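Reader: I am new to protein structures. Please show me how to read a strand and a salt bridge.

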Amino acid sequence: MEKILVTGGAGFIGSNFVYYMLENHGDVKIVCVDSLSYAGNLVTLEPLLGKENFRFVKADITDREAMYTLFEAEKFDVVVNFAAESHVDRSIDSPEPFLMTNFIGTSVLLDAFRKCGCGRRFHQVSTDEVYGDLPLDRPDLFFTEETPIHTSSPYSTSKASADLLCLAYHRTYGVPVTISRCSNNYGRFQYPEKLIPLMISRALNDEKVPVYGEGLNVRDWLHVLDHCKAIDLIIHEGKNGEIYNIGGHNERANIDVVKTVLAALGKSEDLIEFVTDRPGHDLRYAIDASKLERELGWVPETKFEDGIKETVEWYVNNQKWWKDILSGEYVKMSEELLKKT
Ligand code: NAD
Ligand code: DAU
(Lines give C-alpha, C1' and ligand atoms only; values in the text may rest on other atoms or scores of the structure.)
(Ligands and ions follow the chains in the order given, each with its own letter.)
Protein backbone atom coordinates (compact mmCIF):
# COMPACT_ATOMS: atom_id res chain seq x y z
CA MET A 1 0.00 0.00 0.00
CA GLU A 2 1.48 3.32 -1.10
CA LYS A 3 0.60 6.34 1.04
CA ILE A 4 0.49 9.61 -0.89
CA LEU A 5 0.05 13.11 0.50
CA VAL A 6 -1.73 15.36 -1.97
CA THR A 7 -1.63 19.01 -0.95
CA GLY A 8 -4.17 21.35 -2.55
CA GLY A 9 -6.42 18.39 -3.35
CA ALA A 10 -9.63 20.41 -2.99
CA GLY A 11 -8.60 22.59 -5.94
CA PHE A 12 -8.80 22.00 -9.68
CA ILE A 13 -5.86 19.78 -10.62
CA GLY A 14 -5.34 18.28 -7.14
CA SER A 15 -8.93 16.96 -6.98
CA ASN A 16 -8.68 15.50 -10.48
CA PHE A 17 -5.41 13.85 -9.41
CA VAL A 18 -6.99 12.36 -6.26
CA TYR A 19 -9.81 10.78 -8.32
CA TYR A 20 -7.37 9.64 -11.00
CA MET A 21 -5.08 7.90 -8.50
CA LEU A 22 -7.91 6.20 -6.59
CA GLU A 23 -9.51 5.02 -9.84
CA ASN A 24 -6.25 3.72 -11.33
CA HIS A 25 -4.39 2.23 -8.35
CA GLY A 26 -6.01 -0.34 -6.07
CA ASP A 27 -3.16 -0.23 -3.58
CA VAL A 28 -3.00 3.44 -2.71
CA LYS A 29 -4.10 5.58 0.23
CA ILE A 30 -4.47 9.31 -0.35
CA VAL A 31 -4.26 11.89 2.42
CA CYS A 32 -5.37 15.28 1.16
CA VAL A 33 -4.27 18.45 2.94
CA ASP A 34 -5.98 21.66 1.92
CA SER A 35 -6.55 24.92 3.79
CA LEU A 36 -9.84 25.43 1.89
CA SER A 37 -8.82 28.85 0.67
CA TYR A 38 -11.27 30.57 -1.68
CA ALA A 39 -10.07 28.12 -4.39
CA GLY A 40 -10.66 24.97 -2.32
CA ASN A 41 -14.06 23.27 -2.41
CA LEU A 42 -14.75 20.17 -0.31
CA VAL A 43 -17.95 19.54 -2.30
CA THR A 44 -15.69 18.38 -5.13
CA LEU A 45 -14.35 15.59 -2.91
CA GLU A 46 -17.66 14.73 -1.20
CA PRO A 47 -18.01 11.24 -2.78
CA LEU A 48 -14.68 10.24 -1.20
CA LEU A 49 -15.32 11.40 2.37
CA GLY A 50 -15.52 8.43 4.77
CA LYS A 51 -13.82 6.02 2.32
CA GLU A 52 -11.06 3.83 3.80
CA ASN A 53 -8.43 4.80 1.22
CA PHE A 54 -8.99 8.54 1.58
CA ARG A 55 -8.49 11.06 4.39
CA PHE A 56 -9.08 14.81 4.24
CA VAL A 57 -7.21 17.13 6.59
CA LYS A 58 -7.99 20.84 6.68
CA ALA A 59 -4.63 22.49 7.29
CA ASP A 60 -2.37 25.19 5.93
CA ILE A 61 0.94 24.08 4.41
CA THR A 62 2.62 27.11 6.01
CA ASP A 63 1.67 25.76 9.47
CA ARG A 64 4.95 24.12 10.48
CA GLU A 65 3.66 22.41 13.60
CA ALA A 66 0.64 20.95 11.82
CA MET A 67 2.78 19.67 8.94
CA TYR A 68 5.45 18.13 11.21
CA THR A 69 2.76 16.37 13.28
CA LEU A 70 1.01 15.06 10.18
CA PHE A 71 4.21 13.83 8.51
CA GLU A 72 5.35 12.07 11.71
CA ALA A 73 1.97 10.37 12.10
CA GLU A 74 1.42 9.32 8.48
CA LYS A 75 4.94 8.51 7.20
CA PHE A 76 4.10 9.25 3.57
CA ASP A 77 5.79 7.36 0.75
CA VAL A 78 5.19 10.18 -1.71
CA VAL A 79 4.28 13.87 -1.40
CA VAL A 80 2.73 15.69 -4.36
CA ASN A 81 2.55 19.43 -3.74
CA PHE A 82 -0.28 21.07 -5.69
CA ALA A 83 -1.20 23.58 -2.96
CA ALA A 84 -0.74 27.08 -4.27
CA GLU A 85 -2.19 30.44 -4.93
CA SER A 86 -2.62 29.91 -8.66
CA HIS A 87 -4.29 32.90 -10.31
CA VAL A 88 -1.97 35.39 -12.04
CA ASP A 89 -4.43 38.34 -11.82
CA ARG A 90 -4.76 37.91 -8.06
CA SER A 91 -0.96 37.86 -7.72
CA ILE A 92 -0.78 41.20 -9.51
CA ASP A 93 -3.34 42.68 -7.08
CA SER A 94 -1.74 41.17 -3.97
CA PRO A 95 1.59 39.29 -4.17
CA GLU A 96 2.08 38.36 -0.50
CA PRO A 97 -0.24 35.33 -0.20
CA PHE A 98 1.59 33.93 -3.24
CA LEU A 99 4.97 34.25 -1.57
CA MET A 100 3.60 32.75 1.64
CA THR A 101 1.90 29.66 0.24
CA ASN A 102 3.96 29.00 -2.86
CA PHE A 103 7.41 29.64 -1.39
CA ILE A 104 7.19 29.42 2.42
CA GLY A 105 4.58 26.65 2.22
CA THR A 106 6.84 24.58 -0.03
CA SER A 107 9.78 25.15 2.33
CA VAL A 108 7.74 23.89 5.30
CA LEU A 109 6.73 20.75 3.37
CA LEU A 110 10.34 20.11 2.35
CA ASP A 111 11.48 20.46 5.99
CA ALA A 112 8.68 18.17 7.22
CA PHE A 113 9.61 15.58 4.60
CA ARG A 114 13.29 15.75 5.51
CA LYS A 115 12.86 15.78 9.28
CA CYS A 116 10.50 12.84 9.47
CA GLY A 117 13.02 10.82 7.46
CA CYS A 118 10.34 9.15 5.44
CA GLY A 119 9.32 9.08 1.84
CA ARG A 120 10.82 8.04 -1.46
CA ARG A 121 9.68 11.10 -3.44
CA PHE A 122 8.74 14.77 -2.99
CA HIS A 123 7.08 15.96 -6.19
CA GLN A 124 6.66 19.68 -6.82
CA VAL A 125 3.90 20.63 -9.25
CA SER A 126 5.24 23.67 -11.07
CA THR A 127 4.33 25.60 -14.18
CA ASP A 128 5.60 26.59 -17.63
CA GLU A 129 5.24 30.20 -16.47
CA VAL A 130 8.64 29.96 -14.74
CA TYR A 131 10.23 30.26 -18.20
CA GLY A 132 8.60 33.63 -18.92
CA ASP A 133 7.19 33.97 -22.43
CA LEU A 134 8.09 33.44 -26.08
CA PRO A 135 7.59 35.93 -28.93
CA LEU A 136 4.45 35.51 -31.05
CA ASP A 137 6.45 35.62 -34.31
CA ARG A 138 8.82 32.70 -33.49
CA PRO A 139 6.68 29.53 -33.71
CA ASP A 140 9.91 27.53 -33.92
CA LEU A 141 10.77 28.30 -30.25
CA PHE A 142 9.66 26.11 -27.31
CA PHE A 143 10.46 25.91 -23.59
CA THR A 144 12.77 23.01 -22.75
CA GLU A 145 13.94 22.05 -19.26
CA GLU A 146 17.16 23.97 -20.02
CA THR A 147 15.37 27.25 -20.83
CA PRO A 148 16.48 29.81 -18.21
CA ILE A 149 14.01 30.92 -15.57
CA HIS A 150 12.72 34.37 -16.52
CA THR A 151 9.50 35.14 -14.68
CA SER A 152 6.99 37.92 -15.31
CA SER A 153 4.38 37.95 -12.51
CA PRO A 154 4.51 37.62 -8.74
CA TYR A 155 2.76 34.23 -9.26
CA SER A 156 5.38 32.83 -11.63
CA THR A 157 8.18 34.27 -9.49
CA SER A 158 6.84 32.54 -6.38
CA LYS A 159 6.60 29.24 -8.28
CA ALA A 160 10.12 29.58 -9.73
CA SER A 161 11.50 30.35 -6.25
CA ALA A 162 9.88 27.19 -4.91
CA ASP A 163 11.41 25.15 -7.76
CA LEU A 164 14.86 26.47 -6.89
CA LEU A 165 14.33 25.61 -3.23
CA CYS A 166 13.35 22.05 -4.15
CA LEU A 167 16.52 21.68 -6.23
CA ALA A 168 18.60 23.13 -3.37
CA TYR A 169 17.08 20.60 -0.92
CA HIS A 170 17.94 17.83 -3.37
CA ARG A 171 21.54 18.94 -3.73
CA THR A 172 22.23 19.97 -0.13
CA TYR A 173 20.22 17.41 1.86
CA GLY A 174 19.63 14.69 -0.72
CA VAL A 175 15.84 15.10 -0.61
CA PRO A 176 14.44 12.92 -3.46
CA VAL A 177 12.77 15.69 -5.41
CA THR A 178 11.17 15.80 -8.86
CA ILE A 179 9.60 18.86 -10.49
CA SER A 180 7.07 19.04 -13.32
CA ARG A 181 6.35 22.19 -15.32
CA CYS A 182 3.04 21.99 -17.09
CA SER A 183 1.19 24.22 -19.54
CA ASN A 184 -2.40 25.48 -19.13
CA ASN A 185 -4.86 22.81 -18.00
CA TYR A 186 -8.57 22.58 -18.76
CA GLY A 187 -11.26 20.20 -17.50
CA ARG A 188 -13.85 19.70 -14.74
CA PHE A 189 -13.60 21.33 -11.27
CA GLN A 190 -11.70 24.49 -12.38
CA TYR A 191 -12.54 27.60 -10.36
CA PRO A 192 -14.62 29.96 -12.54
CA GLU A 193 -12.07 32.78 -12.50
CA LYS A 194 -9.80 31.03 -15.03
CA LEU A 195 -10.32 31.66 -18.75
CA ILE A 196 -12.32 28.60 -19.86
CA PRO A 197 -14.75 28.16 -16.93
CA LEU A 198 -15.14 31.96 -16.67
CA MET A 199 -16.14 32.14 -20.34
CA ILE A 200 -18.56 29.21 -19.96
CA SER A 201 -20.25 30.51 -16.80
CA ARG A 202 -20.63 34.04 -18.15
CA ALA A 203 -21.85 32.95 -21.59
CA LEU A 204 -24.44 30.62 -20.03
CA ASN A 205 -25.78 33.67 -18.17
CA ASP A 206 -25.65 35.70 -21.43
CA GLU A 207 -23.08 38.02 -19.85
CA LYS A 208 -20.20 39.61 -21.75
CA VAL A 209 -17.00 37.53 -21.86
CA PRO A 210 -13.90 39.68 -21.17
CA VAL A 211 -10.93 39.06 -23.47
CA TYR A 212 -7.69 40.81 -22.47
CA GLY A 213 -6.05 43.04 -25.08
CA GLU A 214 -6.74 41.75 -28.57
CA GLY A 215 -6.94 38.11 -27.50
CA LEU A 216 -3.78 37.25 -29.40
CA ASN A 217 -1.80 35.79 -26.47
CA VAL A 218 -1.13 32.10 -26.95
CA ARG A 219 -1.46 29.31 -24.38
CA ASP A 220 -0.64 25.60 -24.79
CA TRP A 221 -3.74 23.74 -23.54
CA LEU A 222 -3.62 20.28 -21.96
CA HIS A 223 -6.48 18.17 -20.60
CA VAL A 224 -6.17 17.89 -16.82
CA LEU A 225 -6.19 14.06 -16.91
CA ASP A 226 -3.17 14.05 -19.23
CA HIS A 227 -1.41 16.17 -16.58
CA CYS A 228 -2.46 13.70 -13.85
CA LYS A 229 -1.15 10.75 -15.88
CA ALA A 230 2.18 12.52 -16.35
CA ILE A 231 2.55 13.15 -12.61
CA ASP A 232 1.66 9.51 -11.86
CA LEU A 233 4.46 8.42 -14.21
CA ILE A 234 6.98 10.90 -12.78
CA ILE A 235 6.38 9.95 -9.13
CA HIS A 236 6.79 6.27 -9.99
CA GLU A 237 9.40 6.25 -12.75
CA GLY A 238 11.00 9.70 -12.79
CA LYS A 239 14.57 10.27 -11.60
CA ASN A 240 15.38 12.17 -8.44
CA GLY A 241 16.63 15.72 -9.03
CA GLU A 242 15.03 15.94 -12.49
CA ILE A 243 12.67 18.48 -14.05
CA TYR A 244 10.04 17.30 -16.56
CA ASN A 245 8.10 19.60 -18.89
CA ILE A 246 4.47 18.62 -19.59
CA GLY A 247 2.53 19.96 -22.56
CA GLY A 248 0.47 18.79 -25.49
CA HIS A 249 1.69 20.90 -28.46
CA ASN A 250 -1.74 22.45 -28.52
CA GLU A 251 -1.18 26.17 -28.88
CA ARG A 252 -4.18 28.43 -29.33
CA ALA A 253 -4.68 32.18 -29.28
CA ASN A 254 -7.09 33.16 -26.49
CA ILE A 255 -9.59 34.59 -28.94
CA ASP A 256 -9.78 31.22 -30.74
CA VAL A 257 -10.33 29.38 -27.45
CA VAL A 258 -13.12 31.80 -26.54
CA LYS A 259 -14.77 31.40 -29.96
CA THR A 260 -14.56 27.59 -29.65
CA VAL A 261 -16.25 27.74 -26.25
CA LEU A 262 -19.00 30.07 -27.50
CA ALA A 263 -19.63 27.83 -30.54
CA ALA A 264 -19.86 24.73 -28.30
CA LEU A 265 -22.47 26.55 -26.20
CA GLY A 266 -24.37 27.83 -29.26
CA LYS A 267 -23.76 31.42 -28.11
CA SER A 268 -23.06 34.48 -30.26
CA GLU A 269 -19.57 35.97 -30.63
CA ASP A 270 -21.27 39.31 -29.88
CA LEU A 271 -20.76 38.38 -26.21
CA ILE A 272 -17.00 38.99 -26.64
CA GLU A 273 -15.78 42.21 -25.04
CA PHE A 274 -12.15 43.28 -25.47
CA VAL A 275 -10.94 44.75 -22.16
CA THR A 276 -7.76 46.34 -20.76
CA ASP A 277 -4.83 43.95 -20.95
CA ARG A 278 -3.29 42.16 -17.93
CA PRO A 279 -0.13 44.07 -16.81
CA GLY A 280 3.02 42.19 -17.86
CA HIS A 281 0.85 39.75 -19.85
CA ASP A 282 2.97 36.84 -21.15
CA LEU A 283 2.66 36.58 -24.94
CA ARG A 284 3.11 32.91 -25.69
CA TYR A 285 3.74 29.67 -23.83
CA ALA A 286 4.81 26.56 -25.74
CA ILE A 287 6.22 23.45 -24.11
CA ASP A 288 8.67 20.92 -25.49
CA ALA A 289 7.73 17.76 -23.54
CA SER A 290 10.03 15.43 -25.50
CA LYS A 291 12.06 14.49 -22.38
CA LEU A 292 8.95 13.10 -20.66
CA GLU A 293 7.87 11.34 -23.86
CA ARG A 294 11.32 9.87 -24.52
CA GLU A 295 12.30 8.87 -20.98
CA LEU A 296 8.96 7.88 -19.45
CA GLY A 297 6.82 7.11 -22.51
CA TRP A 298 4.18 9.77 -21.75
CA VAL A 299 1.85 10.86 -24.54
CA PRO A 300 -1.07 13.27 -24.24
CA GLU A 301 -4.21 11.28 -25.03
CA THR A 302 -7.03 13.83 -25.23
CA LYS A 303 -7.37 15.86 -28.41
CA PHE A 304 -8.32 19.48 -27.69
CA GLU A 305 -11.44 19.28 -29.91
CA ASP A 306 -12.77 16.30 -27.91
CA GLY A 307 -11.58 17.54 -24.52
CA ILE A 308 -13.05 21.02 -24.83
CA LYS A 309 -16.41 19.61 -25.99
CA GLU A 310 -16.52 17.23 -23.00
CA THR A 311 -15.42 20.04 -20.65
CA VAL A 312 -18.08 22.47 -21.87
CA GLU A 313 -20.68 19.69 -21.44
CA TRP A 314 -19.47 19.09 -17.88
CA TYR A 315 -19.96 22.76 -16.90
CA VAL A 316 -23.37 22.78 -18.62
CA ASN A 317 -24.46 19.62 -16.77
CA ASN A 318 -22.97 20.62 -13.40
CA GLN A 319 -24.16 24.22 -13.08
CA LYS A 320 -24.85 23.83 -9.37
CA TRP A 321 -21.14 23.14 -8.79
CA TRP A 322 -19.99 26.52 -10.17
CA LYS A 323 -23.13 28.49 -9.25
CA ASP A 324 -22.55 27.56 -5.58
CA ILE A 325 -19.05 28.98 -5.97
CA LEU A 326 -20.26 32.22 -7.55
CA SER A 327 -22.89 32.68 -4.80
CA GLY A 328 -20.40 31.82 -2.02
CA GLU A 329 -22.64 28.95 -0.84
CA TYR A 330 -19.75 26.47 -1.29
CA VAL A 331 -18.03 27.86 1.81
CA LYS A 332 -20.94 26.85 4.05
CA MET A 333 -21.28 23.53 2.24
CA SER A 334 -17.57 22.78 2.72
CA GLU A 335 -17.86 23.59 6.44
CA GLU A 336 -20.79 21.17 6.77
CA LEU A 337 -18.84 18.44 4.95
CA LEU A 338 -15.82 19.01 7.21
CA LYS A 339 -17.87 17.58 10.07
CA LYS A 340 -17.88 14.24 8.19
CA THR A 341 -14.06 14.07 8.07
P1 NAD B 1 -6.30 25.88 -7.59
O2 NAD B 1 -6.18 27.31 -7.24
O3 NAD B 1 -7.52 25.38 -8.29
O4 NAD B 1 -6.11 24.97 -6.28
C5 NAD B 1 -5.16 25.25 -5.29
C6 NAD B 1 -5.57 24.51 -4.02
O7 NAD B 1 -4.57 24.78 -3.03
C8 NAD B 1 -6.91 24.96 -3.44
O9 NAD B 1 -7.69 23.85 -3.08
C10 NAD B 1 -6.52 25.78 -2.22
O11 NAD B 1 -7.49 25.73 -1.17
C12 NAD B 1 -5.23 25.08 -1.81
N13 NAD B 1 -4.37 25.96 -1.01
C14 NAD B 1 -4.04 27.26 -1.27
N15 NAD B 1 -3.24 27.75 -0.31
C16 NAD B 1 -3.03 26.72 0.57
C17 NAD B 1 -2.29 26.61 1.77
N18 NAD B 1 -1.56 27.64 2.26
N19 NAD B 1 -2.30 25.42 2.43
C20 NAD B 1 -3.02 24.37 1.94
N21 NAD B 1 -3.75 24.44 0.82
C22 NAD B 1 -3.76 25.60 0.13
O23 NAD B 1 -4.99 25.55 -8.45
P24 NAD B 1 -4.78 24.53 -9.66
O25 NAD B 1 -5.10 25.20 -10.93
O26 NAD B 1 -5.41 23.24 -9.31
O27 NAD B 1 -3.20 24.37 -9.60
C28 NAD B 1 -2.60 23.37 -8.79
C29 NAD B 1 -1.09 23.44 -8.95
O30 NAD B 1 -0.74 23.24 -10.33
C31 NAD B 1 -0.51 24.79 -8.57
O32 NAD B 1 0.70 24.57 -7.89
C33 NAD B 1 -0.26 25.49 -9.90
O34 NAD B 1 0.83 26.36 -9.78
C35 NAD B 1 0.05 24.32 -10.80
N36 NAD B 1 -0.28 24.47 -12.23
C37 NAD B 1 -1.54 24.83 -12.61
C38 NAD B 1 -1.85 24.89 -13.97
C39 NAD B 1 -3.24 25.26 -14.44
O40 NAD B 1 -3.44 25.42 -15.66
N41 NAD B 1 -4.22 25.41 -13.58
C42 NAD B 1 -0.87 24.58 -14.93
C43 NAD B 1 0.42 24.23 -14.49
C44 NAD B 1 0.70 24.17 -13.14
O1 DAU C 1 0.58 28.03 -17.95
C2 DAU C 1 0.22 27.47 -16.73
C3 DAU C 1 -0.58 28.46 -15.92
O4 DAU C 1 -1.87 28.56 -16.55
C5 DAU C 1 -0.74 28.06 -14.46
O6 DAU C 1 0.53 28.06 -13.86
C7 DAU C 1 -1.68 29.02 -13.72
O8 DAU C 1 -1.90 28.57 -12.40
C9 DAU C 1 -3.01 29.05 -14.46
O10 DAU C 1 -3.89 29.97 -13.85
C11 DAU C 1 -2.79 29.42 -15.93
O12 DAU C 1 -2.32 30.80 -16.03
P13 DAU C 1 -2.89 31.80 -17.14
O14 DAU C 1 -2.66 33.18 -16.69
O15 DAU C 1 -2.41 31.41 -18.50
O16 DAU C 1 -4.46 31.40 -17.06
P17 DAU C 1 -5.80 32.27 -17.09
O18 DAU C 1 -6.94 31.29 -17.20
O19 DAU C 1 -5.85 33.29 -16.01
O20 DAU C 1 -5.66 33.04 -18.48
C21 DAU C 1 -5.47 32.35 -19.71
C22 DAU C 1 -5.28 33.39 -20.79
O23 DAU C 1 -6.52 34.08 -20.97
C24 DAU C 1 -4.28 34.47 -20.43
O25 DAU C 1 -3.56 34.85 -21.60
C26 DAU C 1 -5.12 35.64 -19.93
C27 DAU C 1 -6.40 35.48 -20.72
N28 DAU C 1 -7.64 35.91 -20.03
C29 DAU C 1 -7.87 35.45 -18.78
C30 DAU C 1 -8.99 35.81 -18.09
C31 DAU C 1 -9.24 35.32 -16.68
C32 DAU C 1 -8.54 36.73 -20.68
O33 DAU C 1 -8.34 37.13 -21.84
N34 DAU C 1 -9.67 37.09 -20.00
C35 DAU C 1 -9.94 36.69 -18.72
O36 DAU C 1 -10.98 37.08 -18.15
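Author: We take one strand and its neighbours, then some salt bridges. This is a predicted model, where local features need pLDDT of at least 70, side-chain atom pairs count only at pLDDT 80 or more, and totals for chains, interfaces and linings use all residues. Residues are numbered from 1 along each chain as its sequence is written, and side-chain values use heavy atoms, with hydrogens and water left out.

Reader: Where do the side chains of a strand point?

Author: In a regular strand, side chains alternate between the two faces of the sheet. Helices (H or I, at least four residues) and strands (E, at least two) are DSSP runs, numbered from the N terminus. Take β5, residues 121–127. R121, H123, V125 and T127 lie on one side. F122, Q124 and S126 lie on the other.

Reader: Are the faces of β5 buried or exposed?

Author: Buried means under 20% relative accessible area, exposed over 50%, partly exposed in between (1.4 Å probe, protein chains only). Both faces of β5 are covered. Seven of its seven residues are buried, so β5 is largely enclosed by the rest of the structure.

Reader: Which strands pair with β5?

Author: Two strands pair if DSSP finds at least two bridges between them. β4 (residues 78–81) pairs with β5 in the parallel sense over four bridges. There, V79 stands opposite F122. β6 (residues 177–182) also runs parallel to β5, joined by six bridges. T127 has C182 of β6 as its bridge partner.

Reader: What do β5, α5 and β6 make together?

Author: They make a right-handed β-α-β unit, with α5 spanning residues 154–173. Right-handed means this: with the strands pointing away from the viewer, the path from the first strand over the helix to the second runs clockwise.

Reader: Now salt bridges. How many are there?

Author: Side chains of opposite charge can pair when their charged atoms come close. The cut-off is a side-chain nitrogen of Lys or Arg within 4 Å of a carboxyl oxygen of Asp or Glu. The whole structure has 20 salt bridges. One of them joins E74 to K3, with the closest N and O atoms 2.7 Å apart. E74 is in α2 (residues 64–74) and K3 in β1 (residues 2–7), 71 residues apart. E74 is buried, at 9% relative accessibility.

Reader: What does the salt bridge of K340 and E46 tie together?

Author: K340 follows α12 (329–338), and E46 sits in the loop between β2 (28–34) and β3 (54–58), so the pair ties together parts 294 residues apart in sequence. The N to O distance is 3.9 Å. K340 is exposed at 53%, while E46 is partly exposed at 36%.

Terms used
Chains lettered and ligands numbered in written order.
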